[in-house]
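Please look through the structure shown here and read the report beside it, which moves from one residue to the parts around it.

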Amino acid sequence: MSAFLYLLRTSFYFISIIYLHYYAKAQKDLDEYIKPGLMLFTVVTLLTSFIQYFLYPNLRNLTYLGWDPHLFRIFGVFLDTSIASAIFGLILLFLIINYKKFTFSVFSRTILIITFVTLGLLTYSRGFYLSILTTLFFYFLLSKKLKFIIVVLAVFTFALLILPKPFGEGVNLLRTYSIESRAKDYEEGLAVWKKSPLFGIGYNHLKSIREISRNLPSHSVSAYQSSFLTILVTSGIIGLISFGLALKGLWYINPSAKFYLMFLIVFSFMDNILLHPFILFLLLFLVNDS
């Protein structure tokens with residue numbers, strides 16, 4: 001039953017994409033709706049994330065439902081620091097790439113960028129740190145704004161020194177538990193992939209297979225901690241190559257798309273980011289607006 005419901009849900013994703021495609025073609029003034037919508041989403045995300053950080057900093061009361069026990073970290077309304085930081089990173093890149101296109105003041109633009117940098121840092125997600133630094137390095141390098149690379153590195157180093165570090169393993173940037181967990185996750189995934197290397201086991205069967213080895217409920221059983229590992233296991237080498245070709249098509253769709261994709265690709269080697277429906281839809285809107 002679980003496998004059938006996953007198949008049904010995936011079908012609705014494709015139907016939604018087809019609907020959005022035809023809707024976009026029918027609306028000649030679609031751009032007039034996308035950018036204001038993205039800005040509204042930016043403001044709402046900003047407000048709800050700070051409210052969560054100050055009023056609901058502990059997610060341990062939901063561990064019995066399978067959520068990770070994030071403590072003193074920003075996870076927003078997404079209940080996950082990786083998804084939250086991926087969204088913060090995409091918005092941050094959107095603000096930087098379109099910096100000169102906004103009609104509001106330079107001061108307001110700068111404050112928005114600083115705010116989302118702060119949000120991203122307070123997730124304490126090392127995957128976010130690595131992926132955003134890598135993307136900004138290449139963005140400023142290709143834009144021939146080399147001085148900004150030094151500024152980014154200086155700000156990041158300073159921020160790491162002043163970040164609040166209350167008790168808890170989650171805010172410890174030298175923690176090794178998550179690294180060991182990812183290594184074990186990769187080992188498990190590759191072992192499952194070897195059973196069907198060409199076409200995979202099917203995405204809708206992954207949850208039921210992984211639940212057998214779990215004693216406690218977890219939201220992570222429906223995917224591995226890497227999007228690419230998940231695709232390899234569920235659709236095999238054929239699926240991974242097809243996914244790579246799809247990303248290549250998006251990469252060249254416009255000059256800005258490659259930076260959004262670079263951020264998500266680097267991040268997705270450490271966390272299942274690229275397969276999250278919300279991330280995919282946000283990516284499509286950002287690419288369309290660029």
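## A buried serine and its surroundings

Ser-131 counts as buried because its relative accessibility is 0%, where buried means under 20% relative accessible area, exposed means over 50%, and partly exposed lies in between (1.4 Å probe, protein chains only). This is a predicted model, in which local features need pLDDT of at least 70 and side-chain atom pairs count only at pLDDT 80 or more, while totals for chains, interfaces and linings use all residues. Residues are numbered from 1 along each chain as its sequence is written, and side-chain values use heavy atoms, with hydrogens and water left out.

Ser-131 lies in helix 5, where helices are DSSP runs (H or I, at least four residues) numbered from the N terminus. Its side chain takes part in the polar contacts of the table, a polar contact being a pair of N or O atoms within 3.5 Å; within protein, one must be able to donate a hydrogen and the other to accept it, and residues adjacent in sequence count only if both atoms are side-chain atoms.

| Side chain | Partner atom | Distance |
|---|---|---|
| Ser-131 | backbone oxygen of Gly-127 | 2.8 Å |
| Ser-131 | backbone oxygen of Phe-128 | 3.2 Å |

Leaving aside neighbours within four places in sequence, Ser-131 is in contact (heavy atoms within 4.5 Å) with Phe-263, Val-266 and Phe-267.

One of these partners, Phe-263, also appears in the largest nonpolar core, where Phe-263 and Phe-116 touch the most other members among 57 residues. A nonpolar core is a set of buried Ala, Val, Leu, Ile, Met, Phe, Trp, Tyr and Cys residues joined through side-chain atoms within 4.5 Å. Helix 3 gives the largest share of this core, 13 residues. When residues up to four places away in sequence are not counted, Phe-116 touches Thr-42, Thr-45, Leu-46, Phe-88, Ile-91, Leu-92 and Leu-95. In soluble globular proteins, nonpolar side chains tend to be buried together.

Two loops flank helix 5 in the account that follows. In the loop between helix 4 and helix 5 lies Tyr-124, whose phi is near 55 degrees, a positive value in a residue other than glycine. Tyr-124 counts as buried because its relative accessibility is 0%. Lys-144, by contrast, sits in the loop between helix 5 and helix 6 and counts as exposed, because its relative accessibility is 76%. Phi of Lys-144, which is not a glycine either, is positive and near 60 degrees.
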